[in-house]
Amino acid sequence: MTAADPHIAEFHNHIDGEARPARGGGLLDSVDPSTGRVWARVPDSGAADVDDAVAAARAAFPAWRSTPPARRADLLRAWSAAVLAHADDLAAIESRDNGRVLKETRGGDVPGGALNIRYNAELADKVTGDTVHLGGATVASTRYEPFGVVGVIIPWNAPLAMFFAKVSGALAAGNTVVVKPAEQACCSVLAACGLLAEAGLPPGAVNVVSGTGPVAGEALVDHPGVARLHFTGSTATGRRVTRHAAAGLKNVSLELGGKSPNIVFDDADLDAATAGVAGGIFTGGAGQACVAGSRVLIQEGVFEEFTRRLRAHAAALRVGDPRDPSTDMGPLAFAGQYDKVRAYLELGPREGAEILFGGRTGREVVGADPALAGGYWVEPTLMAATDNRLRVCQEEIFGPVAVALPFRTEDEAYAIANDTVYGLAGGAWTRSLDRAHRAVAAIDAGTVWINTYRRIHWAVPFGGRKHSGDRPSNGAEGLREWLTLKAAWIEVGAPPAPPRPTEGGAG
Ligand code: ADP
């Protein structure tokens, strides 16, 4: 980071172990969403910068893949320790850059990211294959190998958590990496790159190129030197990335959007459900979470009571400066997202939803503080709807805006819950153990939470279904995302056998 203008920080790309500006010299503004003012500038990289990053990653790959896994694990553990040691600074940058409250960045994302790195470090030397005895002198075996250079595209809502999780998995598996963070919020990731050398990771193992999606992002997706892609972001962009990757027959894994149901049954502990539903859509990232519980399905008998409690809970939340450790909810991350959420606040009532509470935006939300007057504030908002086909019930809003839908029977709840193109997550609140198990089975999503919500842990697989993505990340299985399987046939101590027709396949 340099500071040509003392008020505006400048961050650089990280290529081949060096901090570098974009070759073309272009810069993008990074806006502090709590003030609406530019606070930093980041490189506006183009295809040439992506070329440089891929070349550095390719050059670093042979040595990194042949570094003994236990040594890779040591280096990752050192990285984890460095992240923990700088947790205050990194969290402060992220909270400033995308408005995610310190409670989440310092309280969860950064220390959790460090533990996630350590978890992946521990997996590095536990990659094993199988042996298949075929009789006679033939032995076949399987081995998991790194792909080579992997491209990782991450979004703006929780960049550090995503960066630490994805990059440490890819590195543990023996790949080298090029990351394209989101142009709206990438300062924390660019700042974190300084720790890679401190941890002893070799130059070129991790490269980060900032720039816009259509330019730097697409250059990475299309680059012939990239063997595999991971994309986290919206479903619409995921579709576009998949189309491009398909043109190059490139393997891509996807973590996309959601419109997750959070079901409150009439036998629920309503205190716990109120806090859990609010935590799933309002607090933390102001609803800018892929797993946000944005459809609150409430059983008829407790509809009035539950929405009354939720209103009281929302009214007590502290909305304001994300870098104040007591703040519960910050602003939306950038102007484009603010405009999008406001458009849904207007759309809901037009298509028949009723705003039960909230709905205000802008300075009205944060009161008298003039420093925050230009920020992208949206009040915690609950709309009531009776028809799940409304656009506010079907489309991902990605803000602190939930829709409450009443239901009568348990089966009706699951039918509404699954009436969506998404399948990322879902929740249910009940005191019945039977019902808890039925809900887990009935909700068609990659993660189901019972009597809790918005919990993601590096040791637990996480992934989507339907339009929400494909294979899970995290957990021991998650490392497979970064490995490709090879079969080896070895003829031991006998003359080579001719191929037998019974062994023939289509390949
Ligand atoms: P949003 O949630 O604002 O829709 P996106 O899903 O578009 O965000 O963005 C997620 C990431 O994908 C960001 O890093 C963004 O720059 C990148 N991106 C956007 N468009 C493309 C594209 N056409 N090709 C590759 N990456 C893209």
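Here are legends for a set of close-up views of this predicted model.

**View 1. Who sits around the ligand.** The shell around the ligand holds 18 residues, and the ones that come nearest are Ile154, Lys180, Glu183, Ser234 and Thr237. Sorted by type, the shell has eight nonpolar residues, six polar ones and four charged ones. As for where they come from, α8 (213-222), β12 (228-232) and α9 (235-247) each chip in with at least two residues. Helix α8 gives the largest share of the shell, with four residues.

**View 2. Polar contacts to the ligand's oxygens.** Zooming in on Glu183, an N or O atom of its side chain lies 2.6 Å from an oxygen atom of the ligand. Thr237 does something along those lines, with a polar side-chain atom 2.7 Å from a ligand oxygen. With Ala182 it's the backbone that takes part: one of its polar backbone atoms is 3.5 Å from an oxygen atom of the ligand. On its own the ligand would have 560 Å² of accessible area, and the protein covers 84% of that.

**View 3. Helix α8 and what it packs on.** Here's the helix that supplies four residues of the ligand shell. Its buried residues are Ala216, Gly217, Glu218, Ala219, Leu220 and Val221. These pack against a mix of helices and strands: α1 (47-65), β9 (149-153), β10 (176-180), β12 and α9. Two of those partners, β12 and α9, also each give at least two residues to the shell around the ligand.

**View 4. The start of α8.** This one is a close-up of Thr212 and Val215, at the beginning of the helix. A side-chain oxygen of Thr212 reaches to within 3.3 Å of the backbone nitrogen of Val215.

**View 5. Glu255, flagged in the record.** An unreviewed UniProt entry puts the feature "active site" at Glu255. The residue belongs to strand β13, which covers residues 251-255. Is Glu255 buried or exposed? It counts as buried because its relative accessible area is 8%, and the cut-off for buried is under 20%.

**View 6. The neighbours of Glu255.** Leaving aside residues up to four places away in sequence, Glu255 touches Lys166, His230, Phe231, Thr232, Gly233, Phe462, Ser468 and Ser473. Lys166 is worth picking out from that list: its side chain makes a polar contact with the side chain of Glu255, at 2.7 Å.

How values were computed. Residues numbered from 1 in each chain as written. Predicted model: local features only at pLDDT ≥ 70, side-chain atom pairs only at ≥ 80, totals over all residues. Heavy atoms only, no water. Near = heavy atom within 4 Å. Polar contact = N/O pair within 3.5 Å; in protein donor to acceptor, adjacent residues only side chain to side chain. Areas by Shrake-Rupley, 256 points an atom, 1.4 Å probe, with all protein chains shown as cover. Nonpolar A, V, L, I, M, F, W, Y, C, P; charged D, E, K, R; others polar. UniProt positions renumbered as here; feature names shortened; annotations may be inferred. Buried < 20%, exposed > 50% of the residue type's maximum accessible area, 1.4 Å probe, protein only. Contact = heavy atoms within 4.5 Å.
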